[in-house]
Amino acid sequence: VGGTLTSAGASSKILKERPKLLLVFVIDQFRGDYLTRFTSRFLPATKPDGTVGGFQYLMTQGAYFPYGQFEMLQDMTGPGHATILTGSYPYQAGIPLNNWYNKETNEVVYCAEDPSVPAIGKNPEDKHFGTSPKNLRSTTVGDELKNAGMPSRVVAIALKDRAAIFLGGHRADVAVWFDTKATQWVSSNYYFKDGKLPTWIEKLNADIKSKNGKIIDWNTTGKPTGLSTDNETLRKEMKRIGDFGLSFPHKVTLGTKWSLGTPVGLDITNSAVEKAIDEYQLGNGKSTDVLAISYSSHDYMGHAFGPNSLEMEEMTVADDKAISRVLNYVKKKVPGGLKDVVIVLTADHGIPPNPDWLKTKGIEGSRFDEEEVTKLLEAEMIAQLGKPKEGNWIAKVNEMNFWFNTKAMSDQTSESEIKTQEALRSALLKKVPLLAFVVTKNDVKTRQLPPGIMEHQILRTYHPGKSGDVIGILKPFNMVGDDTVSHMTGYSYDRTVPIIMAGAYIQPGIYASEANVVDIAPTLSFLSGTIPPSLSEGKVLADILKK
């Protein structure tokens, strides 16, 4: 490698000067247009005192892809986080949904569930008590650093367990997440073999608990852009609002889940991040370290108020400040500052507008109850196939994935299975006019799929044994559940997220070329001198590398 350029045209210095730290920011439910809609309210890129901002710093100093893409059928938290640092799609990585149905045990399986490793700090009576990366079939960027013999430290922090676990991978030194019932940071015996939380986490928890019950006001922090609204239709379907209120100022009781959906959740997360940086001396070792942070608060509030609300504009402004806080802390703690750090900003999925609000604007959208629809479908299937041999024909439905009760069939032949799939397809198309397509397990096997992008999404997502026997694909702007908004499709509003990479050997600029979220992992692996994760399908983003 004696030349000045690699085959991709990048500087050969990349081969000698590896980053001290890979700093990965993921904002849960962060639409691709939040950065462009609310730019006027962000901190300046740099200040006279040398401190840096958040989004403006990354957008001007980094390679910014406004239209980053998830090419998956159903964009949600588990699959999204499992994709970012593996570079692999759900059909291989094994995380097609947040929850799926196990026909053998007749139980719902949580994507990060692992009964063999008890949680630490969590109530043992809670459902899905044990968690680990067991269900993730791919390695991550951090795993490959360790597999290569590097003395790298890998830390992942998020309020949501599945976010921290899938970003950290199989060989993370630590992954911690927040238990909303215990109101404290918790982890798993997978990471802490002695079954105890380390002292630095215990101190964080003591500080959090000392403030529980305190009531604070969450109010607007500046002049709104005018691109958000307080239209009551946005909150039409809100449930369980309690004393929080439907508009600013909101009453926030510390220690409640509602408080975690405000900037309070960002502050709690950042306090843990700073302690972890100090505890593990991240960016100060002989090899590239990994620090992955997911801001779950944005998603909590997003489900309640939706992307057109003033609440989500304020949350985006708070995200900006939260990222600035971490960047300046890292700048101070890592020798060489940010020039020795590669920074990534992306999201695990986007979000659509509230369908009730859209109706007032002349755009069709709706919502429905999956369980109620399933009763209608069951009756239709009985009309077509007769009464099931045992139980119901449909054993479980989740996010429009339908799993059959195998005991309902008179025989277990492939012909009977296909016949049952076709009966449900017919029932769905008859009873649910909101559907664009219905895809069966046999359709995937025989490649009889909708054309274009949807075919690609299905093939990259469908995982036999985890994905439903039949999947209903809704028309745009339709959803299930009683949240104000929810994400569960592969349409642009759910799949489009920002991708920004900044730091040493990254050429700043706004890039209109296509970038996929699976491209993040191999690009980070290239910069850190290891092979991509085991199931990675992405490409190195060679155009953003300095020559």
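**A four-stranded sheet and selected helix contacts**

Helix H14 (residues 414-431) lies across S14, S15, S16 and strand S17 (470-474), and runs at about 175° to S16, where contact means heavy atoms within 4.5 Å, and where axes are lines fitted to C-alpha atoms, for helices over the stretch in contact, with angles from 0 to 180 degrees between N-to-C directions. Helices (H or I, at least four residues) and strands (E, at least two) are DSSP runs, numbered from the N terminus. The model is predicted, and local features need pLDDT of at least 70, side-chain atom pairs count only at pLDDT 80 or more, and totals for chains, interfaces and linings use all residues. Residues are numbered from 1 along each chain as its sequence is written, and side-chain values use heavy atoms, with hydrogens and water left out.

The sheet beneath this description is open and consists of four strands in the order S14-S15-S17-S16, with antiparallel pairing; two strands pair if DSSP finds at least two bridges between them. Strand S14 (394-398) and strand S16 (435-440) stand at the edges, each with a single partner strand, so one side of each is left without a neighbour in the sheet. From one strand to the next, the twist averages 20°. S14 and strand S15 (residues 401-404) are joined in the antiparallel sense over four bridges, and Ile 394 stands opposite Phe 404 in S15.

Lys 430 is found in helix H14, and at 55% relative accessibility this residue counts as exposed (buried means under 20% relative accessible area, exposed over 50%, partly exposed in between, with a 1.4 Å probe and protein chains only). The C-alpha atoms of Lys 430 and Glu 380 are separated by 9.0 Å, although these residues are 50 apart along the chain.

Two helix pairs were also examined. The axes of helix H3 (residues 77-84) and helix H6 (residues 161-168) come within 8 Å and cross at roughly 20°, and H3 and H6 are therefore roughly parallel to each other (angles under 35 degrees count as roughly parallel, over 145 as roughly antiparallel, 65 to 115 as roughly perpendicular and the rest as oblique). In this contact, Thr 77, Gly 78, His 81, Ala 82 and Ile 84 of H3 meet Arg 162, Ala 163, Phe 166 and Leu 167 of H6. The axes of helix H10 (residues 297-305) and helix H11 (residues 310-333) come within 9 Å and cross at roughly 170°, and these two helices are therefore roughly antiparallel to each other.
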